[in-house]
Amino acid sequence: MFGFVLVLALVGFAVGTLIGNGVTGTIIALVISGVMAVTSYWKSDKIALAVSRAVPADSNEYRRLHNLVEGLCIAGGIPKPQVYIIHDDAPNAFATGRNPKNAAIAITTGLLNQMNRVELEGVVAHELSHIKNYDILVSTLAVTLVGSIALITDMTLRMMWWNGGRVSRSGDRNDRGNPLAIVGFVLLLVSPIIARIMQAAVSRRRETLADVSAVRMTRYPPGLISALEKLQADNTETHSASMATAHMWIEQPLSGVKDAGRLGMWHKLFNTHPPLSERIALLREI
Amino acid sequence: MSTTLVVVLVVVFLALVVGATYNSLIRRRNEVDNAWSQIDVQLKRRLDLIPNLVETVKGYAAHEKTALEAVVAARNSGISAQANPHAQAAADNAISGALRQLFALSESYPDLKANQGFVSLQEELSNTESRIAYARQFYGDAVSAFNTAIQKFPTVLLAGMFGFSARDFFEAEDAARVVPEVKF
């Protein structure tokens, strides 16, 4: 998180050296992305559920699932979130919602069919831990900062383009030959990528935290370990996911970034989840 | 004049810190109380399910007097022990043991086992047992967090002043540590 603020500060600095008046641009960018972030955060549960075509889980048909969720909520000391079902064969699950009182979890029918009771317990505990640790808030902050950085750099680059390589018409006296301008320019090009890499890193840390919180809730590491091993063996792609919601699922839903043990270094930087083998190894040590 | 300002700022700062610490201790203590009442809620739910169970079993296996009477007696001891934690723990063991016996017995009555009411009661009871376990786990976590908070430095200096004292963990009775025996 500190890294994000640092990058944002560097970007602001870069903009400041290029434009005489970088402060207004920064403020506008922050306000716009702030409004977008608050809206998406407030409505995050509805949006995520609609995008994934989730339906509420009927309490008679899914009695066991509801009982499982209720029991774990008692263990975790959080109110029970709404439970949704996604009709998809790929085993996966996600949690969403701005705070424990306004939260929801969604499970695919594929997961319900493939996992036994202790494994399902591990997965549900993982999702409930996301809610308990306010991970939606954390990732919204991350997305906001990425958005601000992208907006600021985009705006600045456009202004430079329109002014034929110079950013400020009245700044000719000082800008010519300013070596910092080149540094600023490079930073502008590179910072959105750096920001995305950091967002992925934050997401990976929160995933690990959710794994560990989950076994604290269930007091039974083999349950979640077994579930992750089953996920590792399964290769079905989740169709209800999109890039925007990728970070919330328990496993990478998109085949492009799937962990096959042979991920290139580049892909590793952008993974929203740590590789399954790492997660399993970590849990085994507990 | 600036010395006075500094002193005022320090005092205000300290007051804020003390206030924040006090509030966090209050929050943790209330969580402990809430967790304790959660256990009670689940225990009561189990007590409420037992009469239905006894009636259902009587319909098929009325002559199993010992087992049925044991369950009823255990339930009564559970109701009367609601105030006292020690008696409650003893009653809890009695109830678990009696229920286990009853369910083991039901294995030899296929009509009873097929009864929908019996099956759903069995599942409800098993579900309630899980919840009691989760509630006790949460109580333990809450007590641990509270005790740690009041014993850490520097909060320990304030805790005594405000009257926060450590809470007891829920102890498993020695009887509960013995592996249960099921007699057919």
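Two residues are in contact here if their C-beta atoms, placed from the backbone, lie within 7 Å. The exercises below concern a predicted model.

**Exercise 1. List the residues in contact with A:Tyr84, leaving aside neighbours within four places in sequence, and place A:Tyr84 in the largest nonpolar core.**

Step 1. From the earlier part of the chain, the contacts of A:Tyr84 include A:Leu49, A:Ala54, A:Val55, A:Pro56 and A:Ala57.
Step 2. The list is completed by A:Ala104, A:Ile105 and A:Ala106.
Step 3. The largest nonpolar core holds 53 residues, and A:Tyr84 is among the three that touch the most other members, together with A:Leu72 and A:Ala106.
Step 4. Helix H5 of chain B (residues 116–151) supplies the largest share of this core, with nine residues.
Step 5. Another core, of 14 residues, lies apart from it; B:Ile50, B:Leu53, B:Ala94 and B:Leu125 are among its members.

**Exercise 2. Work out how the strands of chain A are arranged in the open sheet.**

Step 1. Strand S1 (residues 55–56) of chain A runs antiparallel to strand S2 (residues 82–86) of chain A, and two bridges join them. A:Val55 faces A:Ile85 of S2(A).
Step 2. S2(A) also pairs with strand S4 (residues 103–108) of chain A, this time in the parallel sense and over five bridges. One residue to look at is A:Gln82, whose bridge partner in S4(A) is A:Ala104.
Step 3. The open sheet has four strands in the order S1-S2-S4-S3 (chain A), and its pairing is mixed.
Step 4. S1 and strand S3 (93–97) of chain A are the edge strands, each pairing on one side only.
Step 5. Helix H6 (residues 117–132) of chain A packs on the sheet and touches S3 and S4 of chain A. The direction of H6 makes about 20° with that of S3(A).

**Exercise 3. Describe the make-up and dimensions of chain B.**

Step 1. Chain B has seven helices and zero strands, so its elements, read from the N terminus, run α-α-α-α-α-α-α.
Step 2. The C-alpha trace of chain B spans about 90 × 30 × 25 Å along its principal axes.
Step 3. Chain B has a radius of gyration of 24 Å, whereas a compact globule of 184 residues would have one near 16 Å.
Step 4. Of the 184 residues of chain B, 23% count as buried.
Step 5. Among contacts in chain B with a separation of 6 or more, 75% are between residues 24 or more positions apart.

**Exercise 4. Is B:Val54 buried, partly exposed or exposed?**

Step 1. Locate the residue: B:Val54 is found in helix H1 (residues 2–61) of chain B.
Step 2. Count neighbours: B:Val54 has 16 C-beta neighbours inside 10 Å.
Step 3. Apply the cut-offs: buried needs 20 or more, and exposed needs 12 or fewer. B:Val54 is therefore partly exposed.
Step 4. Leaving aside neighbours within four places in sequence, B:Val54 is in contact with B:Leu68, B:Val71 and B:Val72.
Step 5. B:Glu69 is 15 residues from B:Val54 in sequence, and their C-alpha atoms are 9.1 Å apart.

**Exercise 5. How many residues does each chain bring to the contact between chain A and chain B?**

Step 1. Six residues come from chain A and nine residues from chain B.
Step 2. On the side of chain A that touches chain B, two residues are nonpolar, three polar and one charged.

Key
Residues are numbered from 1 along each chain as its sequence is written. Chains are lettered from A and ligands numbered from 1 in the order in which they are written. This is a predicted model: local features need pLDDT of at least 70, side-chain atom pairs count only at pLDDT 80 or more; totals for chains, interfaces and linings use all residues. A nonpolar core is a set of buried Ala, Val, Leu, Ile, Met, Phe, Trp, Tyr and Cys residues joined through C-beta atoms within 7 Å. The radius of gyration is taken over C-alpha atoms; the globule rule is 2.2 Å times the number of residues to the power 0.38. Two strands pair if DSSP finds at least two bridges between them. Ala, Val, Leu, Ile, Met, Phe, Trp, Tyr, Cys and Pro count as nonpolar, Asp, Glu, Lys and Arg as charged, and the others, Gly among them, as polar. Axes are lines fitted to C-alpha atoms, for helices over the stretch in contact, and angles run from 0 to 180 degrees between N-to-C directions.
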